[in-house]
Amino acid sequence: MIKRLTLSAWSALTLLGSPMFASAQDATTPTLQTRDGYLIVTRLDTRKCAYPMCGGYFVKAVNQALTRCADGSLQKECHAVQLNANALGWTSEQRTAFDAEFAQGHALVRGLLEPAPAGFYTAEQLTITEAWQGQGLRNKPLGSFYGVKSTGIVCITTPCPSLAATKLNVIAPVLHPDLDLSLTGASDKQIQAGYEALGSTGILAVGAIVPVRLPALDGSTRKGSKLLASEFYLPAKP
């Protein structure tokens, strides 16, 4: 498996991870209009106060500057003390296993934050409808988050719109880059599973779309683009 990057490609991934670029990107990204979206954990809640006021973790909507919290307010990150995965039909053991990975930033979910009764208090609950497991080695993946799936189009030359990449939580044009998962730190078996999933469930991927030159049948090269992934996610199977 080739894991070497050109200088420009490595620079693209490094720049996407810098605080300066993240701030600029967030400033121009429209706020998610619905409460339902793709979220990732930003940090654990280590505050010393009574449950359910404290405990759990803080989450944010990916590709967004602000996230809609359980109380309806828009914040840079929101508190969630418990995970509700009833829609997925998991056992309590499966939910606990996934929650442990999610809490460490190794997973993504699609869901919404909502208030839920918890004894004398009201808890901030994260109710999910999708769960995705990270395959690579990064605790904090670099870049923008995309959903990627095969279009079913087969070409005899490049570039070819065989893949559709849609930016998560954002209304934006569908892109058609090639895909490179070799930089994620995932095993060859995991990477193969990722490419195979493109034709069925699709995958979620984080990274940078960079311009590349692609070979043509006549021996020349043509302009194209490639999504260099720093991490990718498959449907969770806890």
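**Close-up views of a predicted model**

**View 1. Q125, a buried residue of strand β8.** Q125 is buried, its relative accessible area being 11%, in this predicted model. This value puts Q125 in the buried class because the class takes in residues under 20% relative accessible area. The residue belongs to strand β8, which spans residues 121-134. A polar contact of 3.1 Å links the side chain of Q125 to the side chain of T127. Beyond four places in sequence, Q125 is in contact with Q82, N84, L112, L113, E114 and A116.

**View 2. Strand β2 and the strands paired with it.** Strand β2 covers residues 57-61, and 5 of its 5 residues are buried. In a regular strand, side chains point alternately to the two faces of the sheet. Y57, V59 and A61 point one way from β2, F58 and K60 point the other way, and all are buried. Strand β1 (residues 37-44) is joined to β2 by 5 bridges, and the two run antiparallel. One of the pairings places V41 with V59 as its bridge partner in β2. Strand β5 (residues 78-80) also runs antiparallel to β2, with 3 bridges between them. Opposite F58 stands H79 of β5.

**View 3. Y57 and the largest nonpolar core.** This core has 21 residues, and those with the most contacts inside it are Y57, V59, F98, F102, L113, L126 and I128. At least two core residues come from each of β1, β2, β5, α3 (92-103), β7 (107-118) and β8 (121-134). A second core, separate from this one, has 16 residues, including Y146, V148, L163 and A205. Setting aside residues up to four places away in sequence, Y57 touches V41, R43, L44, D45, C78, H79, A80, L83, D99, F102 and A103.

**View 4. G202, a buried loop residue.** G202 sits in the loop between α4 (188-197) and β12 (203-215). Its relative accessibility is 3%, so G202 counts as buried. S150 is 52 residues away from G202 along the chain, and the C-alpha atoms of the two are separated by 7.2 Å. With residues up to four places away in sequence left out, G202 touches W132, V148, K149, A197 and P235. Among these contacts, V148 is also a member of the second core, the one with 16 residues.

Terms used
Residues numbered from 1 in each chain as written. Predicted model: local features only at pLDDT ≥ 70, side-chain atom pairs only at ≥ 80, totals over all residues. Heavy atoms only, no water. Buried < 20%, exposed > 50% of the residue type's maximum accessible area, 1.4 Å probe, protein only. Helix = DSSP H or I, 4+ residues; strand = E, 2+ residues; numbered from the N terminus. Pairing = 2+ DSSP bridges. Core = buried A, V, L, I, M, F, W, Y, C linked by side-chain atoms within 4.5 Å. Contact = heavy atoms within 4.5 Å. Polar contact = N/O pair within 3.5 Å; in protein donor to acceptor, adjacent residues only side chain to side chain.
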